[in-house]
Amino acid sequence: MRRFASFREFYPFYLGEHAHPVSRRLHFIGSCGVLALVGVAIWQRNPMWLWAALVCGYAFAWVGHFFFEKNRPATFKHPIYSFIGDWVMFKDILTGRIRF
């Protein structure tokens, strides 16, 4: 297992694991779904929606990895950095730094 000294060192690796545009789009859509479902959980005052958010985020991401990237999600080896990477990549797509 490759070790990373910092998130700054990890992020280029993370982007390399998300090179396929469909995979990036699926991650982005999943993240949008997560935000919407967290909003529903707050609005409904029902934490069960948080489980739906978790499933939504991972389902879209894993479809991208298994069917398009043909790799294992970095979450399995680097869960914290991968979680951060998801949201940094989301921001980078929103700001146009990464092509959607």
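Biologist: Where along the chain is Gly96 found, and is this residue buried or exposed?

Modeller: In this predicted model, Gly96 is found in the segment after α4, and it counts as exposed because its relative accessibility is 54%, where exposed means over 50%. For a sense of its place relative to another residue, the C-alpha atoms of Gly96 and Trp62 are separated by 23 Å, although the two are 34 residues apart along the chain.

Biologist: How many salt bridges does the structure hold, and which residues do they join into one network?

Modeller: The general idea is that side chains of opposite charge can pair when their charged atoms come close. This structure holds two salt bridges. In one of them Asp92 pairs with Lys91, with the closest N and O atoms 2.8 Å apart, and in the other Arg97 pairs with Asp92, again with 2.8 Å between the closest N and O atoms. Since partners are shared, Lys91, Asp92 and Arg97 are joined into one network.

Biologist: What is the relative accessible area of Asp92, and how do Lys91 and Arg97 read on that scale?

Modeller: Asp92 is buried, with a relative accessible area of 1%, whereas Lys91 is partly exposed at 43% and Arg97 counts as exposed at 59%.

Biologist: How many disulfides does the structure hold, and why do Cys32 and Cys56 not form a bond?

Modeller: A disulfide is a covalent bond between the sulfur atoms of two cysteines. The structure holds zero disulfides. For Cys32, the closest cysteine sulfur is that of Cys56, and at 9.2 Å it is too far for a bond, given that a disulfide needs the sulfur atoms within 2.5 Å. As for their surroundings, Cys32 counts as partly exposed at 32% relative accessibility, while Cys56 counts as buried at 15%.

Biologist: Which residues make up the largest nonpolar core, and which elements give two or more residues to this core?

Modeller: A nonpolar core is read as a set of buried residues joined through their side-chain atoms. Here the largest one has 11 residues in all, namely Phe4, Phe7, Phe10, Tyr11, Tyr14, Phe28, Ala74, Met89, Phe90, Ile93 and Ile98. The elements that give two or more residues to this core are α1 (7-16) and α4 (79-94), and the largest share, four residues, comes from α1.

Biologist: What is Phe10 in contact with, once its neighbours within four places in sequence are left aside?

Modeller: With those neighbours left aside, Phe10 is in contact with Phe4, Ala74, His78, Tyr81 and Ser82, and of these partners Phe4 and Ala74 are themselves listed in the largest nonpolar core, as Phe10 is.

Biologist: In which helix is Ser31 found, and what is Ser31 in contact with beyond its neighbours within four places in sequence?

Modeller: Ser31 is found in helix α2, which covers residues 21-44, and it counts as buried at 9% relative accessibility. Leaving aside those sequence neighbours, Ser31 is in contact with Trp87 and Phe90, and Phe90 is one of the residues in the largest nonpolar core.

Biologist: Which nonpolar residues form a patch on the surface, and where is the place of Phe67?

Modeller: Met48, Trp51, Leu54, Tyr58, Trp62, Val63, Phe66, Phe67, Phe68 and Phe76 form a nonpolar surface patch, with about 1,000 Å² of accessible area together. Phe67 has its place in helix α3, residues 48-69, and this member of the patch is exposed, with a relative accessible area of 57%.

Conventions
Residues are numbered from 1 along each chain as its sequence is written. This is a predicted model: local features need pLDDT of at least 70, side-chain atom pairs count only at pLDDT 80 or more; totals for chains, interfaces and linings use all residues. Side-chain values use heavy atoms; hydrogens and water are left out. A nonpolar core is a set of buried Ala, Val, Leu, Ile, Met, Phe, Trp, Tyr and Cys residues joined through side-chain atoms within 4.5 Å. Buried means under 20% relative accessible area, exposed over 50%, partly exposed in between (1.4 Å probe, protein chains only). Contact means heavy atoms within 4.5 Å. Patches are made of residues with over 30% relative accessible area and no salt bridge: like charges are joined within 9 Å, nonpolar side chains (Val, Leu, Ile, Met, Phe, Trp, Tyr) within 5 Å. Accessible areas come from the Shrake-Rupley method with a 1.4 Å probe; for residues, only the protein chains shown count as cover. A salt bridge is a side-chain nitrogen of Lys or Arg within 4 Å of a carboxyl oxygen of Asp or Glu.
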